[in-house]
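Student: I would like to go through the labels used for this structure and see what each one rests on. Please set the values against the cut-offs.

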Amino acid sequence: MSGHTTPPAPREGAAPPVRKPNWKMIGPGMVVAATGVGAGDLVSTLIAGSKFGHTLLWAAVVGCVVKIALAEATGRWHLATGRTIFDGWRTLGAWTTVYFAVYVVIWGFVYGATAMSSSALPLAALFPDVMPLKVWAIITGLIGLAFVWTNRYAVVEKIMMAFVGVMFVVVVYVALRVAPDLPRALAGLVPVLPSGSIVYTLGLVGGVGGTITMAAYGYWINAKGWTDSGWMKMMRLDNRVAYVTTGVFVVAMLIVGAELLHASQTALASGDQGLLDLDRILEDRFGAFTAKLFLIGFFAASFSSLVGVWHGVSLMFADFVERLRAVRGQDATAGVAPLARGEQERSWPFRGYLLWLTFPPMALLWLDKPFGLVIAYGVLGAFFMPFLAATLLWLLNTSRTPREWRNGRLSNALLAASCVLFVVLCVQELRDLPW
C-alpha cells in the first residue's frame with residue numbers, strides 16, 4: 001500500500017475528455033444528501049415550522065444553495081487535482097491531521113450510538129412490544145455493518161437512492177395531506193427574521209444536510225468512477241439535483257410543522273422523540289395509515305444516515321490512514337496516488353472503522369453519555385463545518401488547484417458566506433453545551 005508513486009499536484013498536459021451529463025448517472029449527490037438529512041434534522045425543521053409558521057421558508061432555500069456550493073467545491077477539488085480532500089488538508093499543515101484524527105475517533109464513537117438509537121425508534125413504534133429499543137438499536141447497527149462490509153459503492157448507492165425515494169414521497173405526501181395554505185407559504189420566501197428566530201434560521205440554513213459526510217462527497221464520486229475533470233459537468237448536475245431534492249424535502253417538513261403544529265401551538269419533545277410525538281398527532285388527525293407511513297419515512301431518513309456514515313466516513317478514514325502510511329519521509333505538499341477503485345472498501349482501515357462505529361458505541365446504549373465525551377463531541381463537531389468551508393476556500397484559491405478550476409467570484413462569495421455562517425453556528429453550539 002505504501003509504495004504508491006507520487007503524482008504532480010495539479011494535472012498537466014491534455015485535458016481529459018468531457019463527459020456529457022447524463023441524468024441516469026445521478027447518484028453520489030443523492031447518497032451525500034440522504035446521509036446528511038437525519039432524524040435530528042427532521043425535528044429541528046418541524047420545530048422551526050411550529051414556532052414561526054412559514055416565515056422561515058426562505059432560510060431552507062438559502063440552506064440548499066449553501067450546501068450546493070460546499071459539495072460542488074469538495075467534488076471540484078477531487079476531480080480537478082486527482083487528490084482527495086485529506087491529501088489537500090495535509091498540505092495546509094500538520095494541525096489538520098491532528099484535528100481530523102481526534103475528531104474522527106470521538107465523533108464516530110458517539111455518532112454510532114446516536115445513529116443506532118435513531119434508527120431503532122421508528123421500528124419500536126411500528127412493532128410495539130416486540131423487543132426493547134436497545135435491541136432494535138443493536139440490530140440496526142449490525143445490519144448496517146453487514147451491508148456495508150459485504151457490498152461495494154454501487155450497491156450502497158442503489159439502496160440509498162431507494163431510501164431517498166421513500167423519504168421524499170412520504171414527507172411530500174404528509175405535507176400535502178395537511179393542506180398547506182399556498183399563498184401564506186409562498187410569502188415565507190421573503191427574508192424575514194421574527195423575534196427569537198435567529199437560532200432556528202441559522203439551523204435551517206446551516207444544519208440540515210450539513211455534516212462530515214459533505215467532505216465524503218469527493219470519495220463517493222471517485223467510487224462512482226468519476227476521477228478527472230472531464231466529469232465536472234456530470235458532478236455539478238448530480239450535486240444540484242441532490243440538494244434541490246433535499247430543499248424540497250426540508251420545505252415539506254417546514255410546511256408540516258407550520259400547518260400541523262403552529263396553528264394549534266403544539267410542542268414536540270426535543271431530539272428524535274419529537275418524531276414519535278408527530279406520529280401520534282398524525283394518527284389522531286389522519287388515521288393509522290398516514291401515521292405508519294410517516295414512521296416508515298422516519299426510518300428511511302435515520303437508517304440512510306447510518307448506512308451513509310458507515311460507508312462514507314469509513315472511506316475517509318481509510319484514506320486518512322493510507323496517507324499517513326504512504327507519506328512518511330515525503331514532502332507534505334506532494335500528492336499520493338489514490339487507491340484503485342474498490343480497494344479502500346476491502347482495506348483493514350475501512351473495515352476497522354466500520355467496527356469502531358458499530359461495537360464500542362453499543363456501550364453508550366446502556367449508559368448516559370459521559371460528561372467529558374459529550375463536551376469533546378460537541379466541540380469537535382461544532383468546528384467541523386467551519387473547518388471544511390475555510391479549508392476549501394484555501395485550497396481552491398491557490399496553486400494547489402489548476403488555474404481553470406479555481407474558485408470564481410460566485411464560489412468565493414458562497415464559500416465565504418457559508419464559512420461565516422458556520423462560525424456563528426459553531427459559537428452557538430459551544431454556548432449550548434452543558435459546560
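Tutor: Start with the salt bridge: a side-chain nitrogen of Lys or Arg within 4 Å of a carboxyl oxygen of Asp or Glu. Under that rule, Arg83, Asp87, Arg90, Asp319 and Arg323 are linked in a network of salt bridges, and the whole structure holds 10 salt bridges. This is a predicted model, in which local features need pLDDT of at least 70, side-chain atom pairs count only at pLDDT 80 or more, and totals for chains, interfaces and linings use all residues. Residues are numbered from 1 along each chain as its sequence is written, and side-chain values use heavy atoms, with hydrogens and water left out.

Student: Why is the contact between arginine 19 and aspartate 228 called a salt bridge?

Tutor: The N to O distance between their side chains is 3.0 Å, which is within the limit, so the pair counts as a salt bridge. Arginine 19 lies in the segment before helix H1 (28-36), while aspartate 228 lies in the loop between helix H10 (217-224) and helix H11 (232-262), so the bridge ties together parts 209 residues apart in sequence. Helices here are DSSP runs of H or I with at least four residues, numbered from the N terminus.

Student: What makes aspartate 228 buried and arginine 19 partly exposed?

Tutor: Buried means under 20% relative accessible area, exposed over 50%, and partly exposed in between, with a 1.4 Å probe and protein chains only. Aspartate 228 has 11%, so it is buried; arginine 19 has 26%, so it is partly exposed.

Student: Which salt bridges does glutamate 72 make?

Tutor: Glutamate 72 meets arginine 76 at 2.9 Å, N to O, and also arginine 236 at 2.9 Å, N to O. The pair with arginine 236 links helix H3 to helix H11, 164 residues apart. Glutamate 72 and arginine 76 are four residues apart in helix H3 (residues 57-81), so about one helical turn separates them. An α-helix has 3.6 residues a turn, so residues three or four places apart point the same way.

Student: Are these three residues buried or partly exposed?

Tutor: Glutamate 72 has 9% relative accessibility, so it is buried, and arginine 76 is buried at 2%. Arginine 236, at 24%, is partly exposed.

Student: How do you know that there are cavities, and what lines the largest cavity?

Tutor: A cavity is a set of points on a 1 Å grid over the protein atoms alone, where a 1.4 Å probe fits but cannot get out; lining residues have an atom within 4 Å of a point. Two cavities of 30 Å³ or more are found, and the largest has a volume of about 90 Å³. Its lining residues include Met30, Val164, Phe168, Thr245 and Phe249. H1, helix H7 (153-177) and H11 each give two or more residues, and H11 gives the most, with four.

Student: What is the lining of the largest cavity by class?

Tutor: The lining has nine nonpolar, two polar and no charged residues. Ala, Val, Leu, Ile, Met, Phe, Trp, Tyr, Cys and Pro count as nonpolar, Asp, Glu, Lys and Arg as charged, and the others, Gly among them, as polar.

Student: What makes the span of H11 close to the expected one?

Tutor: The expected span is 1.5 Å times one less than the number of residues. H11 has 31 residues, for which 45 Å is expected, and H11 reaches 43 Å from its first C-alpha to its last. H11 is also mostly covered, with 25 of its 31 residues buried.

How values were computed
1 Å grid on protein atoms, 1.4 Å probe; cavity = no way out; pocket = protein on both sides within 12 Å on 5 of 7 lines; lining within 4 Å. Points joined across faces, edges and corners; volume = space filled by probe spheres on them.
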